[in-house]
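Colleague: Could you walk me through this model? I would love to hear about its helix packing, its cores and its cysteines.

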Amino acid sequence: MGKTRVISLIFLFAALAWMVMIFCFSAQTADDSSDLSSGLLVGILRGIVPHWEARSAAEQLQILDKFHTIFRKFAHFTEYGILGILWTMSTRSGYWEKKSCKAWRIVLPFCICLLNAVSDEIHQLFVEGRSGEFRDVCIDFSGACTGILLLTFFVFLLRKNHNKRKQSC
């Protein structure tokens, strides 16, 4: 098996593993999901809010409530941004690069991420206390699009810089 095929398979398995992780997070009940995100957010707030420990429990809860929804939506955006990057890396690796047209290498990650976002929200309809929301599909897909486009732009810049170096030698 060639090096490019191994790299392609590594990114493919990483993307699939990331999708499994997203599925597992979506399978959590509303209480478990909220407890997890609240715990992570409290850890962050301890580091950035002045005198966090000196504040009363009511003040801490008020600050936590203010940022909780934003934090959860940012987490959705980020996890799908990573998913978009992984799928793009999978389709841009040497093996697939030789097997498909350039448009397909971009379209496939978009389609997979959108289908995963939709199926994720449908899945949540069957989980205790959770709901499937179109808004979350939009947030998830926006994160995926951002990841795909940022990586595509980054690769474009790297190739442009590489070509300049080749020409100057």
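**Helices, cores and cysteines**

Modeller: Happily! Helix α3 makes a right-handed crossing with α5 (the near helix is turned clockwise from the far one by less than a right angle; helices are DSSP runs of H or I, at least four residues, numbered from the N terminus). This is a predicted model, where local features need pLDDT of at least 70, side-chain atom pairs count only at pLDDT 80 or more, and totals for chains, interfaces and linings use all residues. Residues are numbered from 1 along each chain as its sequence is written, and side-chain values use heavy atoms, without hydrogens and water.

Colleague: Which helix gives the most to the largest nonpolar core?

Modeller: A nonpolar core joins buried Ala, Val, Leu, Ile, Met, Phe, Trp, Tyr and Cys residues through side-chain atoms within 4.5 Å. The largest has 12 residues, including Met19, Leu86 and Val137. Helices α1, α3, α5 and α6 each supply at least two, and the top contributor, with 4 residues, is α3.

Colleague: How many disulfides are there?

Modeller: A disulfide needs two cysteine sulfur atoms within 2.5 Å. The sulfur of Cys111 is 9.5 Å from its closest cysteine sulfur, in Cys113, so that pair is too far for a bond. Cys145 has its closest cysteine sulfur in Cys113 as well, at 7.9 Å, again too far. The count is 0.

Colleague: Is Cys145 buried or exposed?

Modeller: Buried means under 20% relative accessible area, exposed over 50%, and partly exposed in between (1.4 Å probe, protein chains only). Cys111, at 39%, is partly exposed. Cys145 has 17% relative accessibility, so this cysteine counts as buried.
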